[in-house]
Number of protein chains: 2
Amino acid sequence: MVYHSLRALVKENRMSGSPSLLRVINSVAVLSELRASSPATLADLAAATGLSRPTVEAAIEDLIEQGWAAELAAEPGRRVGRPARRYHFRADSGYVLGFDVGRHRVIGVLADLNGQQVHSHETQVDPQLDADKRIAVVRSVATKCLARGKVDRSLLMAAGVSVPGIVAPDGTVTLSTVLPGWNGIQLARRLEKSLSCKVFVDNDANAAALAERWHGVAGDVSDLIYLLVGRRMGAGLILGGRVHRGFGGAAGEIGLLDPRKWELRREKLLGPATQESIADRDHQLTEQIIGDARAGAREAVRIIDDFCEVLAQHAVAMTLTIDPELIVVGGGLGGAADLLLPRIKRHMDSACLRTPELAASAVGQEAVVLGAVRLALNAADEALRQRAGTTAR
Amino acid sequence: MVYHSLRALVKENRMSGSPSLLRVINSVAVLSELRASSPATLADLAAATGLSRPTVEAAIEDLIEQGWAAELAAEPGRRVGRPARRYHFRADSGYVLGFDVGRHRVIGVLADLNGQQVHSHETQVDPQLDADKRIAVVRSVATKCLARGKVDRSLLMAAGVSVPGIVAPDGTVTLSTVLPGWNGIQLARRLEKSLSCKVFVDNDANAAALAERWHGVAGDVSDLIYLLVGRRMGAGLILGGRVHRGFGGAAGEIGLLDPRKWELRREKLLGPATQESIADRDHQLTEQIIGDARAGAREAVRIIDDFCEVLAQHAVAMTLTIDPELIVVGGGLGGAADLLLPRIKRHMDSACLRTPELAASAVGQEAVVLGAVRLALNAADEALRQRAGTTAR
């Protein structure tokens, strides 16, 4: 509600004297514009924010003083007239970390405030690794990213962590059937201590949905489902432009709709869900079935058909519930979208009033870790807005 | 996003001169407080809004001038000291209409801006009535409510209409299997002409969900599903405190999940879905089955069991998708919630990670029309905020 924030502003204003209210608003507005399109001249910023030029100039001075903006050197080629000064957002004024904590590997990405990757690091881990040791791996991946990216830990503004499991709002993993010993782990709290910044934990499918909206096929879609299709079946929901996590963080756990059927058909395509199943042999078998199905081999086609029937069952249930604009198919089997999408669509057309658009993930395997980066960037954005406010007051 | 509204304010401010910005904010803040708790003294309003007393006084003067607030007469009993002036929101400064347009009846409710019912009127209609004639009935119900409530049409601020069908954002009924000839009817546009106010159309289950949050068991729940259980099976979703309608307005059309099973089991309890099925004979049969089941008669219990199994299937699919805090069961069979709820819960407990709270509707059969009133009140609230802004500028 707009009203609440206005009231908050009015209260602040009452405490700190009238001129500051507008200065706070102006500073935030200029910073947001500068983030959205750098470099920009004072005239650009005045036009975009609707503020007067002197007001923009005062705001820019505040932002430079606090390190969020900087002036660009004049373009050397220009000689006619006095060149307009150009300013840019200092993306190096802070950094974020994103992690994809999986059963077999931990991936970390260090990025600046524009989301540009500075360094990424991946470590293979034993699937049976216990929780303490797996968390220690996350810490060491963080340390490596910072050291190799030559970024001081004090510049970290936030970190995001994606996990295959259900996550409570406070960053506790309430249930993970994939990571041994992670049920009840207070992951955000434990990592905050070692990273010395706020840590945000989310379900892997939710993170993938965020990434798809940031860098993928869902850029301007406000209601979408991301189907993370692989050995585990999960869905990330974005509703009204925001991740919908549900009351207990369990939104999108659609794999439980018809679990026996799902397990049976998954097994045919991906091998049994035991720890041995991730051996190369199984992966190659899956690739072979996919290849055979593309070539039209009857048995392989039937395995894919059956697999898609249960995927479609999940997609139908979710579509009848929330009627999204788009369903993105990604995850371990995202590469077989050419086989999956038309089959899912056929089932949905016969069961739904309106089949949403179906698309293959454009981000691919990196979606989960990129979503974690985006999670951290969202938090950094929020902190930035607040600091810009503090600056101007 | 707060930022967008701030920027909008900054733009307004630039066009109309600096002092108005704060005056707009103050006026809206005072009006909102006054709506939330009337009567109030200047001191009350100053404390609640965080504004200074002179600022509140100026805002109140603006609001009185425009008819949104009034001073209360001094309490006659008080004699010690000068009594503080008390102000109240003028709920009679505008009115709204809500309609429940069903197959067999059209209900209208006229309410003031506090949502107090001024008059309500119900007209029975032929189930086969065509669209033009049914819309004419809505108009005549509106006219009766206004005449008998002694309210001038010019005071109508908005109207809400609930229909059994799928509604596009512009108020067009895109699909109704219940009302003959309503597919494609531009209902909002057609009613706006005759009612001379903005008209908001919504699906009946969505409206019922709104009503349950307004007057029922879901007061402070931000994520809930309202199951409208009757001859038709629909669900209304409230997510993050707002109705979630879906991209095509088809969210909650969960009755299509397993349509043959649903129709079969519904028929056993509610009779065949033909037009004759709504005869009293069928209704009495349903009541008898419910009564027999309460008494433990085996065949009746089995009909209820089977019916609940398919209801639970719907509830499970929606819960796995959005993980709500609460599911409210209402509609034509809401009165049998004592039989339905424990059975639905048993199924859900075995299929969901976390079964949401289950509750019987506290609003009952009126939920659909009350939701339409709430829909109109929400629009009136928004218009009020904007007018309060205009006043102060």
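**Getting started**

Arg35(A) is partly exposed, with a relative accessible area of 23%, and this residue opens the exercises below. The model is predicted, so local features need pLDDT of at least 70 and side-chain atom pairs count only at pLDDT 80 or more, while totals for chains, interfaces and linings use all residues. Residues are numbered from 1 along each chain as its sequence is written, chains are lettered from A and ligands numbered from 1 in the order in which they are written, and side-chain values use heavy atoms, with hydrogens and water left out.

**Exercise 1. A charged pair**

Find the residue whose side chain meets that of Arg35(A) in a salt bridge, and say which helices the two belong to.

*Solution.*
- Begin with the rule: a salt bridge is a side-chain nitrogen of Lys or Arg within 4 Å of a carboxyl oxygen of Asp or Glu.
- Arg35(A) meets Asp381(A), at 2.0 Å from N to O.
- Arg35(A) sits in helix H2 (residues 18-36) of chain A and Asp381(A) in helix H12 (residues 367-392) of chain A, so the pair ties together parts 346 residues apart in sequence. Helices (H or I, at least four residues) and strands (E, at least two) are DSSP runs, numbered from the N terminus.
- Now check the surroundings: Asp381(A) is buried, at 19% relative accessible area. Buried means under 20%, exposed over 50%, and partly exposed in between (1.4 Å probe, protein chains only).
- Turn to chain B, where Asp381(B) forms a salt bridge with Arg35(B), with the closest N and O atoms 2.0 Å apart. Here too distant parts are linked: Asp381(B) is in helix H12 (residues 367-392) of chain B and Arg35(B) in helix H2 (residues 18-36) of chain B, 346 residues apart.
- Back in chain A, salt bridges with shared partners join Arg35(A), Arg374(A) and Asp381(A) into one network.
- Over all chains, the rule gives 33 salt bridges.

**Exercise 2. A pair within one helix**

How many residues apart are Glu299(A) and Arg302(A) in helix H10 of chain A?

*Solution.*
- The two form a salt bridge, their closest N and O atoms being 3.3 Å apart.
- They are 3 residues apart in helix H10 (residues 298-322) of chain A, which means a separation of about one helical turn.
- An α-helix has 3.6 residues a turn, so residues three or four places apart point the same way.
- Glu299(A) is partly exposed at 44%, and Arg302(A) is partly exposed at 46%.

**Exercise 3. Two sides of a helix**

Which residues of helix H6 of chain A are buried, and which are exposed?

*Solution.*
- In H6(A) (residues 187-195), Leu187(A), Ala188(A), Leu191(A) and Leu195(A) are buried.
- These cover an arc of only 90 degrees around the axis, so they lie on the same side of H6(A). The arc is taken from the directions from the helix axis to the C-beta atoms.
- Arg189(A) and Lys193(A), on the other side of H6(A), are exposed.
- Among the elements covering the buried residues are helix H5 (131-149) and strand E4 (95-101) of chain A.
- After H6(A) comes Ser196(A), with a positive phi near 55 degrees.

**Exercise 4. Reading a sheet**

What is the strand order of the 5-strand open sheet in chain A?

*Solution.*
- The order is E14-E13-E12-E15-E16, with mixed pairing. Two strands pair if DSSP finds at least two bridges between them.
- The edges are E14 (242-243) and E16 (357-360) of chain A, each pairing on one side only.
- Strand E15 (residues 326-330) of chain A and E16(A) pair in the parallel sense over 4 bridges; Val329(A) has Ala360(A) as its bridge partner in E16(A).
- Helix H11 (residues 337-351) of chain A lies across E15 and E16 of chain A, at about 165 degrees to E16(A). Axes are lines fitted to C-alpha atoms, for helices over the stretch in contact, and angles run from 0 to 180 degrees between N-to-C directions.

**Exercise 5. Inside the core**

How many residues does the largest nonpolar core have, and what does Ile344(B) contact?

*Solution.*
- A nonpolar core is a set of buried Ala, Val, Leu, Ile, Met, Phe, Trp, Tyr and Cys residues joined through side-chain atoms within 4.5 Å.
- The largest has 82 residues, and those with the most contacts inside it are Phe307(A), Leu340(A), Ile344(A), Phe307(B) and Ile344(B).
- Leaving aside neighbours within four places in sequence, the contacts of Ile344(B) include Cys308(B), Val329(B) and Leu358(B). Contact means heavy atoms within 4.5 Å.
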